[in-house]
Amino acid sequence: MKSSAFILLEPNPINNLGLDVLTPLLKTQGIEVAHGEDPSSISANTKFLFIEASAENAWEQLQNHLRVLSVDCDIILFNINENTELANRALLSGIRGVFYATDNADVVMKGIRLLLDNQLWYRRNIMCNVLSRLLHFNKDNILQLTDTLAEPVNLTKREKAIIVLMSKGCKNKEIADELSISPHTVKTHLYSAFRKTKCRNRIELLSWAQQNIPTELR
C-alpha cells in the first residue's frame with residue numbers, strides 16, 4: 001500500500017506552496033496526496049500531515065487542529081515565516097520538520113526525502129538552539145547536586161539502540177520494526193532507561209544521551 005499525505009491548508013494561504021510545490025513533489029516520491037481545510041476529514045491511513053502555518057497565531061491554530069486530530073501521523077509545518085521561536089517549539093513538541101515560505105522546490109524536495117527516510121528536517125540553527133536549551137536545563141540541575149559521585153549508569157545495548165533510533169525521530173512502532181521487537185518491548189526498554197538515568201521524558205533522556213553517550217548518537 002502506498003504511503004499517503006494530507007495537506008491541511010489555511011483558508012487564505014500566503015502562497016500556493018501547498019498545492020503547486022508540495023503536492024507534485026510528494027507524488028514524485030510515490031505518495032498519495034489529499035488536501036483540504038478541515039482536520040476532521042483526514043483519512044485514518046495518513047502517514048504525513050503537512051499543516052500550513054503562515055498566520056501570526058500559527059501556534060494557537062496548530063493546537064486547535066491537534067485537538068480534533070484523531071490520526072496518528074507524522075506532522076510537518078509549512079509556509080512558516082522566519083519565526084525562530086515557532087520552529088523551536090515545533091522541534092521540542094516532536095513535529096518532524098518545518099518548511100519556510102521562502103523555501104524553493106529544491107529545498108522542499110531535499111526535506112521530503114529526509115522525512116521519508118525517518119529523519120528530521122530543521123535548519124541547523126534551530127537544532128543548535130534547542131540543544132542549547134536542553135543543555136542549559138541540565139546545567140541548572142547539575143548545580144543543585146551534591147559533591148558526591150553519582151552512580152554509573154549502565155544501559156544495555158538494546159536500550160542504547162532504542163535511544164539512538166529515538167534521536168533520529170523514530171516512533172515506537174518504527175523502532176520496533178527496525179529492531180524486530182514488539183512496540184511493548186520498546187516501551188519496556190524505554191521505561192528501564194528512564195529509571196536508570198532518572199529522566200522523566202524523552203527530551204530529558206535525549207539530553208542525557210547527548211552528554212553521556214555522544215559517540216553512540218553519531
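In what order do the 5 strands of the open sheet stand? The legends below start there, and the model they describe is predicted.

**View 1. The open sheet has its strands in the order β2-β1-β3-β4-β5.** Pairing within this sheet of 5 strands is parallel. At the edges you will find β2 (32-36) and β5 (97-100); each has a single partner strand, so one side of each is left without a neighbour in the sheet. On average, neighbouring strands are turned by 20° against each other, direction ignored.

**View 2. Here we look at β3 and β4, which run parallel.** Strand β3 covers residues 48-52 and strand β4 covers residues 74-80, and 5 bridges join them. To follow one pairing, start at I51: its bridge partner in β4 is L77.

**View 3. Helix α4 lies across β3, β4 and β5.** This helix is made of residues 105-116 and runs at about 170° to β5.

**View 4. The largest pocket holds about 1300 Å³ of space.** Its lining counts 38 residues, and the closest to the pocket centre are L91, L120, M127, S167 and L206. Two or more lining residues come from each of β4, α3 (84-92), α5 (124-143), α6 (157-167) and α9 (202-212). Helix α5 gives the largest share, 6 residues. Sorted by class, the lining has 22 nonpolar, 8 polar and 8 charged residues.

**View 5. Two domains share the lining of the largest pocket.** Where does this pocket lie with respect to domain 1 (4-132) and domain 2 (157-217)? Both domains give residues to the lining, so the largest pocket lies between them.

Key
Residues are numbered from 1 along each chain as its sequence is written. This is a predicted model: local features need pLDDT of at least 70, side-chain atom pairs count only at pLDDT 80 or more; totals for chains, interfaces and linings use all residues. Side-chain values use heavy atoms; hydrogens and water are left out. Two strands pair if DSSP finds at least two bridges between them. Helices (H or I, at least four residues) and strands (E, at least two) are DSSP runs, numbered from the N terminus. Axes are lines fitted to C-alpha atoms, for helices over the stretch in contact, and angles run from 0 to 180 degrees between N-to-C directions. Contact means heavy atoms within 4.5 Å. On a 1 Å grid over the protein atoms alone, a cavity is a set of points where a 1.4 Å probe fits but cannot get out, and a pocket is an open set with protein on both sides within 12 Å along at least five of seven lines; lining residues have an atom within 4 Å of a point. Grid points are joined across faces, edges and corners, and a volume is the space filled by probe spheres set on the points. Ala, Val, Leu, Ile, Met, Phe, Trp, Tyr, Cys and Pro count as nonpolar, Asp, Glu, Lys and Arg as charged, and the others, Gly among them, as polar. Domain bounds come from an automatic or database domain assignment.
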